[in-house]
Amino acid sequence: MGLKNSFLLVRAFDIKIKEKLIGGNMEKIGFIGLGNMGEAILKALIKSGYSTDCIFFCEIKPERAELMERTYKIKHVKDVKKILNKTKYIIIAVKPQDAKKALESISPFIDERHIIISIMTGISISKMLSFSDKKLKIIRAMPNICAKVGNSLTAITANKEIKTEELNEIKKILSTFGYVVEIEEEHMNALTALSGSGPAFVLYFLEAMIDAGVKLGLSRDKSKEISTQVMKGTIEMLEKENLHPTILKEMITSPGGTTIYGLAHLEEKAFKGSVIKAIEEAAKRAGELSI
Ligand SMILES: NC(=O)c1ccc[n+]([C@@H]2O[C@H](COP(=O)([O-])OP(=O)(O)OC[C@H]3O[C@@H](n4cnc5c(N)ncnc54)[C@H](OP(=O)(O)O)[C@@H]3O)[C@@H](O)[C@H]2O)c1
């Protein structure tokens, strides 16, 4: 299986990875922009044992910078040149519309040691390269909101300047906040739809289950508790038993029983087709918003 085409999964908080991050020679990391997503990544890095002495950041909003410095005891460095001097990995975590400004500001101070990890949605590697006159080493990473609880699905794609050893190091860093999957850049829009928007689709289904419970007379709290646990239990069983969803579904669907009656209704309403179309639409929109 070729590296590029393989779906390489790195287990979150894998003990060995953790030991390596803590025991190994920690490379310094600099954040450009430390908003919601940057903070989620920062928290996971610290939780995994990354030394706060090895983390620096530059944040444009003074009150935000002050809060982050106070909360995490990390160093705010206003001057990007100083951040570049101190660090190897630069995590760009600003909004996509600030990409040009952020990259242009760091570009003069970048040398062959630096690796840029961009988490900006919809900003292609070629676009990032267009903001600099240097041969940048770039990793485009797309985490999802579950990074906040260390359970992100982070898709990554690297440009050809990144060496295999460097890619492996970056996977270790990114796996502190979830799973890491390597994909081709052309699949980033699909990834944005499946993984970025995915939690909202799952939550929409969960919301429908909760409403169904309420319609059947359960209190909203009880219905939420039950429906959420059903979802968690189903996923855990799928993983632990190493089953395909179709097989697991068939195991539950007995002839003439309750489940097949429910599933038949979903079929009639083209539930599966609607979900496929929803994800297709989200991917199309991701393409429209990409530059
Ligand atoms: N949230 C998610 O679920 C998610 C998932 C995947 C990827 N992403 C991507 O992650 C990136 C960050 O998202 P977010 O939700 O964390 O955004 P955010 O909360 O707005 O954080 C970005 C922070 O960077 C600051 N900033 C802007 N330009 C800067 C510069 N040149 N130097 C230093 N700081 C600068 C912003 O200040 P101002 O507000 O004053 O501009 C803001 O405080 C986005 O590109 C987004 O597409 C987000």
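Lys-73 sits out in the open in this predicted model: just 11 other C-beta atoms fall within 10 Å, so the residue counts as exposed. Its backbone is a bit unusual too, since Lys-73 is not a glycine and still has a positive phi of about 55°. The residue belongs to the loop between H3 and S3. Asn-242 tells a similar story, with a positive phi near 55° in a residue other than glycine. This one is found in the loop that links helix H10 (220–240) to helix H11 (245–252). With 6 other C-beta atoms within 10 Å, Asn-242 is exposed as well.

On the larger scale, the domain assignment splits the protein chain into domain 1 (15–188) and domain 2 (198–289). Their centres, taken over C-alpha atoms, are 34 Å apart. As for the contacts, four residues of domain 1 meet four residues of domain 2. On the domain 1 side, that touching set breaks down into two nonpolar and two polar residues, with no charged ones.

Next comes the sheet. Eight strands make up an open sheet with mixed pairing, in the order S3-S2-S1-S4-S5-S6-S7-S8. Strand S3 (75–76) and strand S8 (178–182) form the edges, each pairing on one side only. S8 runs parallel to strand S7 (residues 152–158), and five bridges join the two. Within this pair, Leu-153 has Tyr-179 of S8 as its bridge partner.

Helix H2 (residues 36–47) ties into several of these strands. The helix has 12 residues and spans 17 Å from first C-alpha to last, close to the 16 Å expected at 1.5 Å a residue. Much of H2 is tucked away: Met-37, Gly-38, Glu-39, Ala-40, Ile-41, Leu-42, Ala-44 and Leu-45 are buried. What do the buried residues of H2 pack against? Their partners are strand S1 (29–32), strand S2 (55–58), helix H3 (62–72) and strand S4 (89–92). Just past the end of H2, Gly-49 adopts a positive phi of about 105°.

H2 also turns up around the ligand. A shell of 27 residues surrounds the ligand, and the closest are Gly-33, Gly-35, Met-37, Met-120 and Thr-121. Met-37, then, is among the closest to the ligand and also one of the buried residues of H2. At least two residues of the shell come from H2, and at least two from helix H5 (99–106). Sorted by class, the shell holds 13 nonpolar, eight polar and six charged residues.

How values were computed
Residues are numbered from 1 along each chain as its sequence is written. This is a predicted model: local features need pLDDT of at least 70, side-chain atom pairs count only at pLDDT 80 or more; totals for chains, interfaces and linings use all residues. Helices (H or I, at least four residues) and strands (E, at least two) are DSSP runs, numbered from the N terminus. The expected span of a helix is 1.5 Å times one less than its number of residues. A residue is buried if 20 or more other C-beta atoms lie within 10 Å of its own, exposed if 12 or fewer, and partly exposed in between; C-beta atoms are placed from the backbone. Two residues are in contact if their C-beta atoms, placed from the backbone, lie within 7 Å. A residue is near a molecule or strand if its C-beta atom, placed from the backbone, lies within 6 Å of it. Ala, Val, Leu, Ile, Met, Phe, Trp, Tyr, Cys and Pro count as nonpolar, Asp, Glu, Lys and Arg as charged, and the others, Gly among them, as polar. Domain bounds come from an automatic or database domain assignment. Two strands pair if DSSP finds at least two bridges between them.
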